[in-house]
Amino acid sequence: MRIVRAAAAVVVGADGRLLLIRRGTDPQRGRWSVPGGRVEPGETVAEAAVREAFEETGARVRAERELGVVRVPGGPGVVYEVHDVAAAYLGGTLRPGDDADEVRWVAPQELSALPTTDGLLEHLARFGIPVR
């Protein structure tokens with residue numbers, strides 16, 4: 001089993017909405033999730049979360065603290081070890097990029113109506129992020 005280290009930015013706006021992307025690639029293409037991806041060599045988890053948020057959404061964010069780690073199947077023989085990082089929104093013009101088909105702010109009460117990636121809502125709730 002190959003473990004791939006990854007990071008995701010959990011960005012909650014001042015109004016309580018969560019910054020999400022609709023995945024444009026597999027695994028789980030077409031489902032909504034927080035922006036994230038692989039940690040590059042020499043990069044910290046926090047740096048990767050900030051970079052991925054910008055690449056996928058156009059948002060400038062500041063990493064604040066690691067919320068926890070989630071293991072996500074990535075296909076035959078691969079598991080992504082995703083480090084979820086709380087991040088503050090600093091600005092930017094939202095636009096989907098990199099692996100994202102769409103980007104938008106989503107209110108907690110809207111989350112259950114969206115097709116989200118497996119386990120996303122449970123993990124966010126476990127990390128103290130409102131999902132209802």
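Visitor: Is Leu20 buried or exposed?
Guide: In this predicted model, local features need pLDDT of at least 70, side-chain atom pairs count only at pLDDT 80 or more, and totals for chains, interfaces and linings use all residues. Residues are numbered from 1 along each chain as its sequence is written, while side-chain values use heavy atoms and leave out hydrogens and water. Buried means under 20% relative accessible area, exposed over 50%, and partly exposed in between (1.4 Å probe, protein chains only). Leu20 has a relative accessible area of 0%, so Leu20 is buried.

Visitor: In which strand does Leu20 lie?
Guide: Helices (H or I, at least four residues) and strands (E, at least two) are DSSP runs, numbered from the N terminus. On that numbering, the strand that holds Leu20 is β2.

Visitor: Why is β2 described as largely enclosed by the rest of the structure?
Guide: Leu20 is one residue of β2, and Arg23 is in β2 too. Arg23 counts as buried, because its relative accessibility is 16%. The strand counts as largely enclosed because the number of its six residues that are buried is five.

Visitor: Which residues does Arg23 contact, leaving aside its neighbours within four places in sequence?
Guide: Contact means heavy atoms within 4.5 Å. One of the partners of Arg23, Thr117, is 94 residues away along the chain, with 8.8 Å between the two C-alpha atoms. With the neighbours within four places set aside, the residues in contact with Arg23 are Gln28, Arg29, Gly30, Arg31, Asp99, Asp101 and Thr117.

Visitor: In what order do the three strands of the open sheet stand?
Guide: Two strands pair if DSSP finds at least two bridges between them. β2 pairs antiparallel with β7 (residues 100-106) over six bridges, and two bridges join β2 antiparallel to β3 (residues 32-33). β3 and β7 each pair on one side only. The order is therefore read from one edge to the other, as β3-β2-β7.

Visitor: Which residue of β3 stands opposite Ile21?
Guide: On the β7 side, Ile21 stands opposite Val103. In β3, Arg22 has Trp32 opposite. The β3 residue opposite Ile21 is Ser33.

Visitor: Which residues have the most contacts inside the largest nonpolar core?
Guide: A nonpolar core is a set of buried Ala, Val, Leu, Ile, Met, Phe, Trp, Tyr and Cys residues joined through side-chain atoms within 4.5 Å. The largest has 23 residues, and β1 (2-11), β2 (18-23), β5 (59-73), β6 (78-92) and α2 (120-126) each give two or more residues to this core. A second, separate core of 17 residues includes Ala9, Val39, Ala59 and Val103. In the largest core, the residues with the most contacts are Val10, Leu18, Leu20, Leu111 and Leu124.

Visitor: How many bridges join β5 to β6?
Guide: β6 pairs on one side with β1, in the parallel sense over ten bridges; Ile3, for example, stands opposite Val79. β5 and β6 form a hairpin with four residues between them, and Gly75 in the turn has a positive phi of about 120 degrees. Val61 has Tyr89 of β6 as its bridge partner. β5 and β6 run antiparallel, and the number of bridges that join them is 13.

Visitor: With which side chain does the side chain of Glu81 make a polar contact?
Guide: Glu81 is in β6, and Glu81 is buried, with a relative accessible area of 18%. A polar contact is a pair of N or O atoms within 3.5 Å; within protein, one must be able to donate a hydrogen and the other to accept it, and residues adjacent in sequence count only if both atoms are side-chain atoms. At 3.2 Å, the partner of the Glu81 side chain is that of Arg71.

Visitor: Which lining residues are closest to the centre of the largest pocket?
Guide: On a 1 Å grid over the protein atoms alone, a pocket is an open set of points where a 1.4 Å probe fits, with protein on both sides within 12 Å along at least five of seven lines, and lining residues have an atom within 4 Å of a point. The largest pocket holds about 520 Å³, a volume being the space filled by probe spheres set on the points, which are joined across faces, edges and corners. β1, β4 (36-38), β5, β6 and α2 each supply at least two lining residues. Of the 26 residues in the lining, the closest to the centre are Arg23, Ser33, Gly36, Val72 and Val82.
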